[in-house]
Amino acid sequence: MAASMVKISSLTNFLTKSNSTRLLQKIYRNKQYCRHISSAEAPEPQALPDELETFEEKESVIERLRNFSNLPQYLQDKEHGKLPDRERLEQMTFKDNTKRKIFLRKLYAKYGSAIDIDAGVCWPSKEELEEIKEDDKFFEPSFQQMLADLKEEKRKEAEFNMNVLTKVEKGMAKMDTLIKDFNARQQKELEKEEEAEIKRKEMMELAEEYYGYAVKPRSPEFIKFMEMKRNEEKVAKKAAKQASRNKRSSPQVQQEVAKS
């Protein structure tokens, strides 16, 4: 803090001397030269007025000459975090009152009470409240409707849970019967597999006896032998059916012969 005060006092003493005007002229010349450096012939720098007496006037001129951005004043204030000009705010025009309120609300949110704006602009007016209510009625259900929907949802959930519990209880009551049926099916499948294995072994033995040597289950000889056995079984079944038919028809033939 002390060092900054010493710098400020030394700068004040320096500017109050006779060479302060020459300093301002030198800064102004440098700025004019930098602005026209791209041109082939830079214009002659203009001389500063000599009626700069106070330190504040000289400091403002120095700050203005240091500004090479050429930005408008309100953009410079925005960049440096300064409060916007009150006169400019009053002169600003908007398409409608809504956009004006949005702009002022953003300013108040950024600067707070320092911006000297009525804080009431942050709250909706009576007309805006009515519009909000109309929108809520159209897009959002009322509290009573939400409560009724919640009750209906709970009722459906309780009904679903009751149905699941009923199914579970019925399934538990049938569990012993289902387990017995499952075991019976498993036993039946096991017996079928055992019978198929026994039959396969028998057919392998018959094939060995038929050919006189051992054959494999996937060999062409065994496949041919199995086809032959199937044909023999078909012929045997067909003959058995024919015999049973003849046996059933023989008593009728005897009765007809006896009558004749």
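Student: Which residues gather in a patch of positive charge on the surface?
Tutor: This is a predicted model, in which local features need pLDDT of at least 70 and side-chain atom pairs pLDDT 80 or more, while totals for chains, interfaces and linings use all residues. Residues are numbered from 1 along each chain as its sequence is written, and side-chain values use heavy atoms, without hydrogens and water. Patch residues have over 30% relative accessible area (Shrake-Rupley, 1.4 Å probe, only the protein chains shown as cover) and no salt bridge (Lys or Arg side-chain nitrogen within 4 Å of an Asp or Glu carboxyl oxygen), with like charges joined within 9 Å and nonpolar side chains (Val, Leu, Ile, Met, Phe, Trp, Tyr) within 5 Å. Lys and Arg count as positive, Asp and Glu as negative, His and chain ends not at all, each charge being placed at Lys NZ, Arg CZ, Asp CG or Glu CD, and the patch holds K199, R230, K234, K237, K241, R245 and R248.

Student: Which helix gives the most to the positive patch?
Tutor: Helices (H or I, at least four residues) and strands (E, at least two) are DSSP runs numbered from the N terminus. K241 is in α10. With six residues, the top contributor is helix α10 (residues 220–259).

Student: Is K241 buried or exposed?
Tutor: Buried means under 20% relative accessible area, exposed over 50%, and partly exposed in between (1.4 Å probe, protein chains only). K241 has 53% relative accessibility, so this residue is exposed.

Student: Which helix gives the most to the nonpolar patch?
Tutor: F160, V164, V168, M172, M175 and I179 make this patch of about 550 Å². M175 lies in α9. The helix giving the most, with four residues, is α8.
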